[in-house]
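Me: I would like to learn how to read pockets and a ligand site in a model. Can we go through one case?

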Amino acid sequence: MADNFLLNRRDVLKLGLGTLTGMGAVAFAKNVSLQQQIQSDDHLTRNFNTSGKGTLKERAAAKGLIYGAAIRYPDLSSDSLLAAAVAKECGMLVPEWELKWSAGKQALRPNKDNFDFRAADWMANFANSHNLLFRGHTLVWHDSLPPWFKYEVNRQNAELFLTKHINKVVGHYAGRIHSWDVVNEAIALWDKRSDNFRKTPWLEYLGTDYIELAFRLAAIADPKALLVYNDYDLDYDTSKHEAKRNAVLNLLQRLKSKGTPVHALGIQAHLSGDSKSFNAQKFRAFLGQVAGLGLKIMITEMDVKDDKLPKDPQKRDQAIASAYEDYLSAALDEKAVNTVITWGLSDKYTWLSEFKPRPDRSPVRPLPLDDKMQQKLAWRAIARAFDHAPQR
Ligand code: G3I
């Protein structure tokens, strides 16, 4: 029953796409409200049945997709149950901290002259020994810059620092890495620039060409790596997300028009379990526009926060799983989408515990596995999305 229901829901999605081209705004409006009605009513009753015993890695691979997770070195190196779950469920590993300039306890950039690859190397070796693809996050970002950065980097030497960082870090993993988030979150509409660029030290010191420079340096340092522009707030049918999608599209068009070696858009997909604003047709249309630029698409940091959902874990899990399934049903219909990464694998280690805690202080439940590495409804929702995805 459930699968038929999902297929019916997917048919409605496809019909939705048909109405975009074939029928008028009235039909579109009716279809959208139907979509939202489906999302709102059925998530309390959907049973998320799955068939077979495949892991997320296996179900993704069966459709030519990759499933992975972002994990931290301190957790992966100390929790054997987590390490076993990562090895079992994931086809790709992304260091949540260890390839940023400075995050967590062991900074990649402890000072202006040195690099500390120990934690990231340990994770690269873990990936290699478990046949996982390895992914780098992130080379150029306004956040997680080391304390010394503001004293040492300036307009005169910023290009030297950027060049040295990318050459050293990308060169260190050349040939061993699937993809890099070369530039992360460079668009910020609230900074009110006409080009919607975020006001970061990189923009201040190097101007708007810093993004193109970063991609060109990375392409030289590792010609095999997929080079990704990564950003968030691209998901929902809201004026804020619509404006962000348009700004990111403009950036990608600008980069492509200059021949910049950008190969993919990373959509972070930090979702809200209480949101009623997901519109599959509009999201699919955006993905089609990105694919139309000749770009691949990676879902790079997916999780579903539950800070505004009821306390009852079953009700929360239903809403969270519905958010995963609705979003991935739409995303995976676009064949340019080749990867789904969750930002963490187990609720035990999610960043949301600290950054988006629940008002009632009950443990958050945003990820596929619970704190004991057991599969949740979210796991089944992701599994179903892979099972129903078209073959790549
Ligand atoms: O726990 C250590 C503490 O011992 C140490 O003294 C301190 C020194 O800075 O760091 C503490 O760890 C911090 C950790 O949060 C726990 O508080 C890290 O520095 C800090 O980097 C980390 O925040 C991370 C954040 O990015 C900034 O790097 C989050 O874990 C991480 O989930 C988050 O991930 C970002 C993506 O990279 C980009 N997209 C959004 C996403 C969520 O914000």
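Reply: Start with where the ligand is: in this predicted model, the ligand sits in the largest pocket.

Me: How is empty space found, and how much space lies in the largest pocket?

Reply: Rolling a probe the size of a water molecule over the atoms shows where empty space is left. Here the largest pocket holds about 770 Å³ of space.

Me: Which residues line the largest pocket, and which lie nearest its centre?

Reply: The lining has 35 residues, with Q268, H270, E301, W351 and F355 nearest the centre. Helix 11 (239–257), strand 7 (270–272), strand 8 (296–305) and helix 14 (352–355) each give two or more residues to this lining. By class, the lining divides into 10 nonpolar, 12 polar and 13 charged residues.

Me: What surrounds the ligand itself?

Reply: A shell of 19 residues, the closest being E96, K100, H137, S144 and E301. Six of the shell residues are nonpolar, six polar and seven charged.

Me: Which polar contacts should I look at?

Reply: Take the side chain of E96, which has an N or O atom 2.6 Å from an oxygen atom of the ligand. The side chain of Q268 places an N or O atom 3.0 Å from a ligand nitrogen, while G104 uses a backbone N or O atom, 3.0 Å from a ligand oxygen. As for cover, the ligand taken alone exposes 780 Å², and the protein buries 67% of that.

Me: Which element gives the largest share of the lining of the second largest pocket?

Reply: Helix 6, with four residues. That pocket has a volume of about 170 Å³, and its lining has six nonpolar, three polar and one charged residues.

Definitions and conventions: Residues numbered from 1 in each chain as written. Predicted model: local features only at pLDDT ≥ 70, side-chain atom pairs only at ≥ 80, totals over all residues. Heavy atoms only, no water. Near = heavy atom within 4 Å. Polar contact = N/O pair within 3.5 Å; in protein donor to acceptor, adjacent residues only side chain to side chain. Areas by Shrake-Rupley, 256 points an atom, 1.4 Å probe, with all protein chains shown as cover. 1 Å grid on protein atoms, 1.4 Å probe; cavity = no way out; pocket = protein on both sides within 12 Å on 5 of 7 lines; lining within 4 Å. Sits in = over half its atoms within 2 Å of the grid points. Nonpolar A, V, L, I, M, F, W, Y, C, P; charged D, E, K, R; others polar. Points joined across faces, edges and corners; volume = space filled by probe spheres on them.
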